[in-house]
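Please have the sequence and the 3D view open side by side. The paragraphs below go from the surface to the ligand site and then to the charged pairs.

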Amino acid sequence: MSYVDEIIEAVVAKNPSEPEFHQAVKEVLNSLRPVVDANEDKYRREAILERLVEPERQMKFRVPWVDDKGQVQVNTGYRVQFNSAIGPYKGGLRLHPSVNLGIIKFLGFEQIFKNSLTGLPIGGGKGGSDFDPKGKSDREVMAFCQSFMTELCKYIGENTDVPAGDIGTGAREIGYLYGQYKRLTGLYEGVLTGKGLSYGGSLARTEATGYGLLYLTQEMLKMNGIDIAGKTAAVSGSGNVAIYAIQKAQQLGVKVLTCSDSNGWVYDPNGIDVAALKEIKEVKRARLTEYKNYRPNSEYHEGRGVWTVKVDLALPCATQNELHLEDAKALVANGVTAVAEGANMPTTLEATEYLQEQGVLFAPGKAANAGGVATSALEMSQNSERLSWTFEEVDAKLQGIMVNICHNMADAAERYGFAKNYVVGANIAGFEKVVDAMLAQGVV
Ligand code: NDP
């Protein structure tokens, strides 16, 4: 049996009930076969893959808090510190009822390669809780965040582990978490990113993941002789990534026809109205059913459906496994040119393979959505030098990073004889740097 197959089998046996983690390991290791096969003896002797799939450390803890009725609630908190070969652990905190250890491990594992791809000195980690901020009062969210940080603060620090936002963790949650960290430790340091501008946040961090997704998509199309201007797009989700992806797409001359939330989706033939979307989601924290009040010509549909619309570009920006094989088939039947993942692992393995077989340009999340963590690393730099850069400076750096990522993934794919297979390219480019550092640092 090949080294890669042995490790995949061992991961499944050792981590039962963690299907998302299995999926991420399979996707990454399968695409690393050319590098692993070429270095098999050395990697086996150094147990590189065994070390790569085993988190350096994982914390699971109780998070008790009191709701508005005086009832004590208990959630589970997680922080997985996966790999620190190239820098302090870095990765978001997900607050969603679906969170469990397997989901955090899948995200932390992916984060290792994504962070490496940015070219910045950040290792891989991820955390979160099964707490659902939806429908909670500000006081309840604060109570949860303070309790969560009371435990988490023991494991993080500006030079060890720097968490950020993710699904369910936005500016409000980061603020409460930061306040409690400062209170407990007495330290005013860049321990979290995604902070508000008045206390150490970076301009353009809010926009970074969505903007970065479009910078990379634009470059990928350009490398293939296609101009992004004038194209149509379907976007899923209506959260942080989706909103700023739609905004940047429109600035680049793309008409975005859809967005969605976990209840339903919107089709707007005139292009999604970003100002309306922001008001509904960022100000009112309401559902997409409201969108029709702003745009009477739009349609609202319950359930899933954004991938049935005829578009040139598909940008999944909601959550994992939201673009299935039948969705991929519908997109291809409608003549889609490119799929670029704003969310983490939104496309199932079967759907990814089908899209690639059909010649659709496919940018994997670890490359396409790396703009968020890259700008988080820029926030860390600004915190370290106690300076703030302008929006234009940060945005220009972000654009440069995304263009570099695009070329690095394309070059790595070509070097190993997989031209235009950006999944293989992104995984190899991210992996090479991490493995170099792991080999140099010895058996740790
Ligand atoms: P938000 O919480 O801001 O938004 C998430 C969006 O996805 C919402 O519209 C939400 O709808 C929808 N959604 C969540 N879960 C489901 C589900 N199970 N089914 C259908 N829709 C769902 O999160 P972000 O925009 O920050 O994150 C989106 C994705 O991008 C995630 O995969 C995240 O890991 C990834 N990502 C985020 C980065 C960032 O900087 N924020 C960086 C890199 C990746 P509803 O409101 O109904 O829940």
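Is Val-74 buried or exposed? The model is a predicted one, and in it Val-74 has a relative accessible area of 55%. Exposed means over 50%, so Val-74 counts as exposed. The residue is part of strand β2, which covers residues 72-83. Together with Val-66 and Val-72, Val-74 makes a nonpolar patch of about 250 Å² on the surface.

The next residue to look at is Asn-75, which also lies in strand β2. Its relative accessible area is 10%, and buried means under 20%, so Asn-75 counts as buried. Strand β2 therefore holds an exposed residue, Val-74, and a buried one, Asn-75.

Now turn to the ligand. There are 25 residues around the ligand, and those that come nearest are Asp-166, Thr-209, Ser-262, Arg-287 and Asn-344. By class, the shell consists of five nonpolar, 13 polar and seven charged residues. Two helices, α9 (205-223) and α10 (240-251), each contribute at least two residues to this shell.

Three contacts to ligand oxygen atoms can be picked out. Thr-209 places a polar side-chain atom 2.6 Å from an oxygen atom of the ligand. Asn-240 uses its backbone instead: an N or O atom there lies 2.9 Å from a ligand oxygen atom. For Val-241, too, a backbone N or O atom is found 2.9 Å from an oxygen atom of the ligand. The ligand taken alone would expose 890 Å², and the protein buries 82% of that area.

The remaining topic is the salt bridges, of which the structure holds 24. One of them joins the side chains of Arg-44 and Glu-40, with an N to O distance of 2.8 Å. Both residues belong to helix α4 (residues 40-46), and because they are four residues apart, about one helical turn separates them. Arg-44 is partly exposed at 32% relative accessibility, and Glu-40 is partly exposed at 22%. For orientation, Arg-44 and the buried Asn-75 of the earlier paragraph are 31 residues apart in sequence, with their C-alpha atoms 40 Å apart in space.

What does Arg-304 form a salt bridge with? The partner is Asp-327, and the closest N and O atoms of the pair are 2.7 Å apart. This pair links distant parts of the chain, 23 residues apart: Arg-304 sits in the loop between β9 (299-302) and β10 (313-316), while Asp-327 is in helix α13 (residues 325-333). Asp-327 has a relative accessibility of 9% and so counts as buried.

A further salt bridge is formed by the side chains of Glu-432 and Arg-415, at 3.0 Å from N to O. Glu-432 is in helix α18 (residues 422-440) and Arg-415 in helix α17 (residues 391-415), so this pair ties together parts that lie 17 residues apart in sequence. Glu-432 is partly exposed, with a relative accessible area of 23%, whereas Arg-415 is exposed at 53% relative accessibility. Finally, some salt bridges share partners, and in this way Glu-6, Glu-40 and Arg-44 are joined into one network.

Definitions and conventions: Residues are numbered from 1 along each chain as its sequence is written. This is a predicted model: local features need pLDDT of at least 70, side-chain atom pairs count only at pLDDT 80 or more; totals for chains, interfaces and linings use all residues. Side-chain values use heavy atoms; hydrogens and water are left out. Patches are made of residues with over 30% relative accessible area and no salt bridge: like charges are joined within 9 Å, nonpolar side chains (Val, Leu, Ile, Met, Phe, Trp, Tyr) within 5 Å. Accessible areas come from the Shrake-Rupley method with a 1.4 Å probe; for residues, only the protein chains shown count as cover. A salt bridge is a side-chain nitrogen of Lys or Arg within 4 Å of a carboxyl oxygen of Asp or Glu. Buried means under 20% relative accessible area, exposed over 50%, partly exposed in between (1.4 Å probe, protein chains only). A residue is near a molecule or strand if one of its heavy atoms lies within 4 Å of it. A polar contact is a pair of N or O atoms within 3.5 Å; within protein, one must be able to donate a hydrogen and the other to accept it, and residues adjacent in sequence count only if both atoms are side-chain atoms. Ala, Val, Leu, Ile, Met, Phe, Trp, Tyr, Cys and Pro count as nonpolar, Asp, Glu, Lys and Arg as charged, and the others, Gly among them, as polar.
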